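Please open the structure in your viewer and keep the selection panel at hand. The stops below proceed by selection, each followed by what is to be found there.

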There are 2 protein chains.
Amino acid sequence: MKIEYTLLKEEKNTSARLGNIKTKYGTFETPMFMPVGTEATVKTLSVEEIKDVHAGIILSNTYHLWLRPGEDVIDHAGGLHEFMHYNGPILTDSGGFQVFSLAKPKDITEEGVLFKNHINGDKLFLTPEKSIEIQNKLDSDIAMSFDECPPASATYEYLKQSIERTVRWAKRGKLVHKNENQMLFGIVQGGPYEDLRKWSAEETVKIGFDGYSIGGVANDHESKEDMYKAFEFSTKYLPKNKLRYAMGIGEPIDIIEGVIRGIDLFDCVSPTRLARHGHALTKYGKINIKNAQYKEDFSTLSLDCDCYTCQSKYSKAYIRHLIVANETLGARLLSIHNIRFLIHLTEEIRLAIKNDSILEYKEQFIKDYYGDKNE
Amino acid sequence: MKIEYTLLKEEKNTSARLGNIKTKYGTFETPMFMPVGTEATVKTLSVEEIKDVHAGIILSNTYHLWLRPGEDVIDHAGGLHEFMHYNGPILTDSGGFQVFSLAKPKDITEEGVLFKNHINGDKLFLTPEKSIEIQNKLDSDIAMSFDECPPASATYEYLKQSIERTVRWAKRGKLVHKNENQMLFGIVQGGPYEDLRKWSAEETVKIGFDGYSIGGVANDHESKEDMYKAFEFSTKYLPKNKLRYAMGIGEPIDIIEGVIRGIDLFDCVSPTRLARHGHALTKYGKINIKNAQYKEDFSTLSLDCDCYTCQSKYSKAYIRHLIVANETLGARLLSIHNIRFLIHLTEEIRLAIKNDSILEYKEQFIKDYYGDKNE
């Protein structure tokens, strides 16, 4: 069964949309935040804990799984769901972002990208076809086209050539896409320039995909304004009946602004990364649990949170102790809490869309979260 | 309510004993293996997972908690159970072993031990009174007297002086012990020498404790024979109606040999430490999950294991991938499995005691576990 998207409602005052996605692993609503399971595991969480934070879908990384354990091992296990023992929907990225950020490309040609394996230094070559073939084997529910991810510093001229090549790569990837259970998304790039985003979106839509991702929005942005423009200049030229996914976005206000500009899916490593560094997301902003003020604070992270960590009454003082002592239970308790926080945020967003009150919701959220209480 | 020990049965052919311990946190049977929760957390496990491996009691380390977060923080939380959110029985050690192994003593006097804090290098002084005061505040269910832990290389003459001092320290500790809910154990030392063990046991019993620990058996032993002698030369001179605990013992055969010589409680960091290094304990010996042969082994760690990891059907191939990728879920899945393995071992041991068949059990266990299948 192929995964199916239905647009349920558009908000009255903005481009925010409510939708649902039906998969053989169950149905979930959008907008939705996706926790990241880079190495076929959402860092520190068991599969039951992933379900318990009400994750509709998780993301896993093609580049990492290609290198280790290898797509064939996962194929022989019966696909990524079987391998990691997770019976919920999974989206895989194309490996493009990692090749350009983590591995540092040695050479970008029309054929593909030559780069160094970041684990052992081996030279590797990734092409649009290879990326799709790997994702076909991983058997994720949603796959991404292989795109170039130019740095934020790229010139207009460079971006123009880059989006043209990304469109050619998207065509090549679609030709070899063979997994009928898997949606395939095209990717819109083009930096902060409306004409480039427009061209990229329209040409990608001409090829025809099950959904569209918006790339080049998460890294090194000079301003939030540019990020929000990139959202807007992309969704504006995308069909309403298809999913839109903003790649690598996890800051609460960016999720809200993305939703307002018509985006349905978000992912980011931030909730687990913040957790490892001892940060907790709360309604009243981000707190650093390592601060001395929490040493004897025996209250929970948040009074109005329904996550395992808060409901089980683990105290700030205990979590602080675990983080300071570098005990993994600390990162786990904070990861569960932080992921649940962002998924709960999308639940509140969906309610606001239903009530046509997303702008009011945004205003109140900013007041609570980014008010002067933030550290 | 003070914790109570009842001797239920002695095995026909050996000194093995079956008993039970009643605490305000429930009743459990002995012999029992105790998982170690050094920093007020059994590494990688939640409190539900500790219960789920059927741990009757866990051990936590006075030295570590004294240094971080400090016994006053834990006292203000309402004691260690409240602080770490664990409503099962807890035993604390005296800090002695850590002072002598981890911190390296600068000076051992009649008064106590001067040593360096292993975290920040500060000079600290630990006395028998201070150790008990800290444990009183931690409010564990079973506390240990502060003893000297001489190295295995110590001469007979040194050991003789050392056990005399340890007895004087035990008296001083008992005098300041004020927590009526807490059992206090004395500690028998004396290396592999029967006359020293005998003197140490008899003098410690004269002071009168709720139970007796056997120290100096876990580290740097020249031979298993010496370890087993130390068990025997200690329990032989201890009262039958009191608990006996062999400190730091976790190798399966050592637990069995300890039980045969009349020991009730064991603890060791080995199941979680082995897990972090990718080792799994199975009926047919220890396996190294990182070995290439497990790369595509999609079977569980063990067919006859009832732990979460095995019952949830996590595969060797997946756990191998997690360990290789340094993902904490891997250490967690193996920790749960390894701890459950040792606790299950004590369950089988108790059954064998009931059936007066501990020697037959030992023979079969050795054949299965230490046969030529072991890596």
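Begin by colouring chain A by domain: chain A is divided into domain 1, which covers 4-268, and domain 2, which covers 278-369. Bear in mind throughout that this is a predicted model. If you place a centroid on the C-alpha atoms of each domain, the centres of domain 1 of chain A and domain 2 of chain A are separated by 27 Å.

Next, select the place where the two domains meet. There, 27 residues of domain 1 of chain A are in contact with 24 residues of domain 2 of chain A. On the side of domain 1 of chain A that touches domain 2 of chain A, the elements that give two or more residues are β4 (32-34), α1 (47-52) and α10 (252-260) of chain A. Of these, α10(A) is the one to highlight, since it provides the largest share of that side, six residues. Coloured by residue class, this side of domain 1 of chain A shows 15 nonpolar, five polar and seven charged residues.

Now show the whole of chain A. Its C-alpha atoms fill a box of roughly 60 × 50 × 40 Å along the principal axes, and its secondary structure comes to 15 helices and 16 strands. What radius of gyration does chain A have, and what would a compact globule with 375 residues have? Chain A has 20 Å, which agrees with the value near 21 Å for such a globule. Buried residues make up 54% of the 375 residues in chain A. Among contacts in chain A between residues at least 6 apart in sequence, 67% join residues at least 24 apart.

For a closer view, select residues 4-10 of chain A, strand β1, together with β2(A); the two strands pair in the antiparallel sense over six bridges, and they form a hairpin with six residues between them. To find the register, pick Glu4(A), which stands opposite Lys22(A) in β2(A).

Stay with β2(A), residues 17-23, and ask how many of its seven residues are buried. The strand is mostly covered, with five of the seven buried. In a regular strand, side chains alternate between the two faces of the sheet. Then add residues 26-30 of chain A, strand β3, which pairs with β2(A) in the antiparallel sense over five bridges. These two strands also form a hairpin, here with two residues between them, and within the pairing Ile21(A) stands opposite Phe28(A) in β3(A).

Move on to the boundary between the chains, where 30 residues of chain A are in contact with 30 residues of chain B. On the side of chain A that touches chain B, select α3 (71-77), α4 (80-84), α13 (316-324) and α14 (328-354) of chain A, each of which supplies at least two residues. The largest share of this side, five residues, comes from α13(A). By residue class, the side of chain A that touches chain B divides into 14 nonpolar, nine polar and seven charged residues.

The last stop is in chain B, where three strands form an open sheet in the order β7-β8-β9, with antiparallel pairing. Its edge strands are β7 (105-108) and β9 (123-126) of chain B, each of which pairs on one side only. Neighbouring strands of this sheet are turned by 20° against each other on average, direction ignored. Finally, select residues 113-116 of chain B, strand β8, which is joined to the antiparallel β9(B) by four bridges; here Leu114(B) stands opposite Phe125(B) in β9(B).

Conventions. Residues are numbered from 1 along each chain as its sequence is written. Chains are lettered from A and ligands numbered from 1 in the order in which they are written. This is a predicted model: local features need pLDDT of at least 70, side-chain atom pairs count only at pLDDT 80 or more; totals for chains, interfaces and linings use all residues. A residue is buried if 20 or more other C-beta atoms lie within 10 Å of its own, exposed if 12 or fewer, and partly exposed in between; C-beta atoms are placed from the backbone. Two strands pair if DSSP finds at least two bridges between them. The radius of gyration is taken over C-alpha atoms; the globule rule is 2.2 Å times the number of residues to the power 0.38. Two residues are in contact if their C-beta atoms, placed from the backbone, lie within 7 Å. Axes are lines fitted to C-alpha atoms, for helices over the stretch in contact, and angles run from 0 to 180 degrees between N-to-C directions. Domain bounds come from an automatic or database domain assignment. Ala, Val, Leu, Ile, Met, Phe, Trp, Tyr, Cys and Pro count as nonpolar, Asp, Glu, Lys and Arg as charged, and the others, Gly among them, as polar.
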